[in-house]
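Work through these exercises with the model open beside you. Each task is followed by a stepwise solution.

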Amino acid sequence: MRTLPALSLATVALLAGFVVWRARGAHDGFAAAPPPTEATGPAVEVAADEPLDPDALAASRALKEADAPASPAQSRALNTAIEKLDRLVAREPQNAEYVFYRGIAATMARDEPGSREFLGRLATVSPLKERDARFVYLKAIGHLAFQASKPDPAVRLLQLLRAEAPTFMPEPVNRALHRALMQASVVRSEPQYRDEAVKLMLEAVALVRNDPRLLAQTQRVLARTYVRAQRFHEAEEIWRALVEQHGDRDVDAMSGLANTIAMQDRFDEAVAAFTKVLDLLARGALPGDAGVPEARLRRGNCYRLMGRLDEARADLERYVAEHPDDHRGIHWLGMLWFDGHDDPEKALPYLERAYRAAPWCEVYGRVLLQVYEVRRPDPEKAASLRREMEANAAAHQAKMAALAKESRDGVSICR
């Protein structure tokens, strides 16, 4: 199951530190959503401010320093924060604020037992118990950190916080909800859920409208989600806007635009866009999307479909030479000989090699079977291949379903 890259939980929790983790007046009650059957009163409340402590401020600073990419310095800062918070909790075990931040630190450290322990302790020491907004928040980010493939509970908890405790750490809650919504969209890779995935991504985009960096990242994921849902026109609009915004500097956006145009069978335009991608790569552009180097394969296929066979051969042969383990390049080079040059003899080694590399790609087996049965008859090989395909059909379908969930766009597994 695909998950999003890990995001900093310190940023989620500690934009303002211990001192102003909630706005003044945030301890007022809020209107309740339908409460649990056993509850009376609001489902979420915000605790009153607790006294500050110099040691707590030092722990807060250390935890903020740990809000950085993994490195020895980041690890040392996190360890320092944990040590300071452990002392604070030992000194004042009933202080819900210290327990809360110690739970944050455990989550940042990927310490799942510790995260659960301090979540439980928070429910014990807080007068509000599980209705404490801190409990709801800590439970949500813990679920998001340790059960990323099942993000829906985190989405519901964070939406509850926004609805019933809107002054509780509003920006960190929004950031956490943004990540949860994106992950909830990503895991809805099956065709029947793809419109729902788009809806979730649109909500995620709305949350970061005023954050240019996160907005651009989120729009990219939305564009890929549109592609998964085969809503190519909407995906193209996003990629085109990103290209216009960043010019030729953004090789990932240009690649996304080129692929989306090609998926709509506008091959002349796609060739021009893929050429820009290849030019950017030749000038040293560093892609963030692992699929960008496939531009030569994609352009070669566009040339093939346009009947520009010499240019198609040049691209496809170069791609196979540079990516000898990519069965797609091998297959499409075979298809160039098979249906472009009408030469099944030259096509056959490539088609056989691609099928051996990825027998779960149904199209590989179908084309190879056509060669064995019709274009270059070999009854023995045809019968053997047909038996093999029938015997492994279920396993191959399961393999394709698993690969589709992992794929960035759900459509480039065998093409």
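**Exercise 1. Place Asp265 and describe its backbone and exposure.**

Step 1. This is a predicted model. Asp265 is found in the loop between helix H12 (251–263) and helix H13 (267–282).

Step 2. Check the backbone. Asp265 has a phi near 65 degrees, which is positive although the residue is not glycine.

Step 3. Check the surface. The cut-off for exposed is over 50% relative accessible area. Asp265 has 54% relative accessibility, so it counts as exposed.

**Exercise 2. Do the same for Gln230.**

Step 1. Locate the residue. Gln230 lies in the loop between H10 and helix H11 (232–246). It comes just after H10.

Step 2. Read phi. The value for Gln230 is near 60 degrees, again positive in a residue other than glycine.

Step 3. Apply the exposure cut-off. Gln230 has a relative accessible area of 56%, so it is exposed.

**Exercise 3. Test the length of helix H10, then decide how enclosed it is.**

Step 1. Count residues. H10 covers residues 212–228, which makes 17 residues.

Step 2. Work out the expected span. Use 1.5 Å times one less than the number of residues. For H10 this gives 24 Å.

Step 3. Compare with the model. The end C-alpha atoms of H10 are 24 Å apart, which agrees with the expected span.

Step 4. Turn to burial. Buried means under 20% relative accessible area. In H10, 14 of the 17 residues are buried, so the helix is largely enclosed by the rest of the structure.

**Exercise 4. Summarise the whole chain.**

Step 1. List the secondary structure. The protein chain has 20 helices and 0 strands.

Step 2. Look at burial. The chain has 415 residues, and 52% of them count as buried.

Step 3. Look at the surface. About 19,800 Å² is exposed, with 52% of it supplied by carbon and sulfur atoms.

Step 4. Look at contacts. Take those with a separation of 6 or more: 60% of them join residues 24 or more positions apart.

**Exercise 5. Decide where to read the model with care.**

Step 1. Start with the average. Mean pLDDT for the protein chain is 87, and 88% of its residues reach 70 or more.

Step 2. Find the extremes. Confidence is lowest in helix H1 (residues 9–13), at a mean of 40. It is highest in helix H15 (residues 309–322), at 98.

Step 3. Mark the weak stretch. Over residues 5–40, pLDDT stays under 50. The model has 78 contacts beyond four places in sequence for these residues.

Step 4. Conclude. Where pLDDT is low, the predicted coordinates should not be read in detail.

Terms used
Residues are numbered from 1 along each chain as its sequence is written. This is a predicted model: local features need pLDDT of at least 70, side-chain atom pairs count only at pLDDT 80 or more; totals for chains, interfaces and linings use all residues. Side-chain values use heavy atoms; hydrogens and water are left out. Helices (H or I, at least four residues) and strands (E, at least two) are DSSP runs, numbered from the N terminus. Buried means under 20% relative accessible area, exposed over 50%, partly exposed in between (1.4 Å probe, protein chains only). Contact means heavy atoms within 4.5 Å. Accessible areas come from the Shrake-Rupley method with a 1.4 Å probe; for residues, only the protein chains shown count as cover. pLDDT is the predictor's confidence in each residue, from 0 to 100.
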